[in-house]
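Hi,

Here is the structure I promised to pass on. Have a look at it first, and then read my notes below.

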Amino acid sequence: MAFNGAKIKKPQVTNDMGKFITEREHAAARAITAALVLGGSEASVLTPIDTGTLLNSQFRHVSKDEAGRIVGTVGYTAAYAVPVNDPSHPQQFRRPTAEKDFLRKGFDNAAASIDGVFTGTLKV
């Protein structure tokens with residue numbers, strides 16, 4: 001094949017590192033939020049329900065710490081959440097799916113989905 005003399009366009013390199021970092025931080029925050037939703041949803045299935053106060057007190061929070069890391073938190077605001085979640089504090093639950101250590105187990109159950117969210121969201 002003969003070369004017809006057309007000019008080949010060279011790719012331009014620009015320094016958009018600041019923009020790239022900002023986009024990655026936003027993507028990381030979205031991924032962490034999605035992970036918290038997935039883990040919290042799994043935990044809610046395992047959460048004991050008597051009046052619904054514990055289940056309805058679940059919260060999630062995503063923020064940047066002093067070191068610049070993006071940190072996510074899931075928890076419960078109900079005062080009795082800690083003893084209900086504590087495996088060393090025996091209790092009988094009415095809900096058949098309720099378990100002790102429900103928050104950790106919920107995130108363990110959602111681990112594969114959470115990995116997929118991070119992989120897909122943070123893909124460059």
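Before the notes, one cut-off you will need: a residue is called buried under 20% relative accessible area and exposed over 50%, with partly exposed in between. Phe118 shows how that works: its relative accessible area is 29%, so Phe118 is partly exposed. Please also keep in mind that this is a predicted model.

**Overall picture**

The protein has five helices and two strands. Reading from the N terminus, the order is α-α-β-β-α-α-α. As for shape, the C-alpha trace spans about 80 × 40 × 25 Å along its principal axes. The radius of gyration is 23 Å, while a compact globule of 124 residues would come out near 14 Å.

Buried residues account for 26% of the 124 in the protein. The exposed surface is about 8900 Å², and carbon and sulfur atoms supply 57% of that area. On the charge side, there are 15 positive and 12 negative side chains, with the centres of the two sets 11 Å apart. If you take the contacts between residues at least 6 apart in sequence, 60% of them join residues at least 24 apart.

**The core**

Which residues make up the largest nonpolar core? There are 12 of them: Ile32, Leu36, Ala43, Leu46, Leu54, Val74, Tyr76, Ala78, Ala81, Val84, Phe102 and Leu103. At least two residues each come from α1 (17–46), β2 (70–76), α3 (81–85) and α4 (102–109). The biggest giver is α1, with four residues.

Tyr76 is a good place to start clicking. Leaving out neighbours within four places in sequence, Tyr76 is in contact with Ala43, Ser44, Thr47, Leu54, Ser57, Gln58, Phe59, Ala81, Phe102 and Leu103.

One of those partners, Ser57, sits in the loop between α2 (53–56) and β1 (58–64). Is Ser57 buried or exposed? Its relative accessibility is 8%, so Ser57 counts as buried. Not counting residues up to four places away in sequence, Ser57 touches Gly75, Tyr76, Thr77 and Ala78.

**The loop between α3 and α4**

Two residues here caught my eye. Lys100 belongs to the loop between α3 and α4, and Asp101 is in that loop too.

Lys100 has a relative accessible area of 14%, and therefore it is buried. Setting aside residues up to four places away in sequence, Lys100 touches Pro83, Val84, Asn85, Asp86, Pro87, His89, Gln91, Phe93 and Lys105. Asp50 is 50 residues from Lys100 in sequence, and their C-alpha atoms are 14 Å apart in space.

Asp101 counts as buried because its relative accessibility is 16%. What about its backbone? Asp101 is not a glycine, and yet it has a positive phi of about 60°. For context, most residues other than glycine have a negative phi.

Val82 makes a handy reference point for Asp101. The two are 19 residues apart along the chain, with 9.4 Å between their C-alpha atoms. Val82 is in helix α3, and with a relative accessible area of 63% it is exposed.

**Back to Phe118, and on to Thr53**

Phe118, the partly exposed residue from the top of this email, lies in helix α5 (residues 111–121). Which residues does Phe118 contact, leaving aside its neighbours within four places in sequence? They are Ala31, Ile32 and Ala35. Ile32 is also one of the residues of the largest nonpolar core. Between Phe118 and Thr47 the C-alpha distance is 25 Å, and the two are 71 residues apart in sequence.

Thr53 is in helix α2. Its relative accessibility is 42%, so Thr53 counts as partly exposed. From Thr53 to Gly18 you cover 35 residues along the chain, and the C-alpha atoms of the pair are separated by 44 Å.

**Where to look**

If you have a minute with the viewer, start at Tyr76 and its contacts, including Ser57 and Phe102. Then move to Asp101 and its positive phi, and finish at Phe118 with Ala31, Ile32 and Ala35.

Cheers

Methods: Residues are numbered from 1 along each chain as its sequence is written. This is a predicted model: local features need pLDDT of at least 70, side-chain atom pairs count only at pLDDT 80 or more; totals for chains, interfaces and linings use all residues. Side-chain values use heavy atoms; hydrogens and water are left out. The radius of gyration is taken over C-alpha atoms; the globule rule is 2.2 Å times the number of residues to the power 0.38. Buried means under 20% relative accessible area, exposed over 50%, partly exposed in between (1.4 Å probe, protein chains only). Contact means heavy atoms within 4.5 Å. Accessible areas come from the Shrake-Rupley method with a 1.4 Å probe; for residues, only the protein chains shown count as cover. Lys and Arg count as positive and Asp and Glu as negative; His and the chain ends are not counted. The place of a charge is taken as NZ of Lys, CZ of Arg, CG of Asp or CD of Glu. A nonpolar core is a set of buried Ala, Val, Leu, Ile, Met, Phe, Trp, Tyr and Cys residues joined through side-chain atoms within 4.5 Å.
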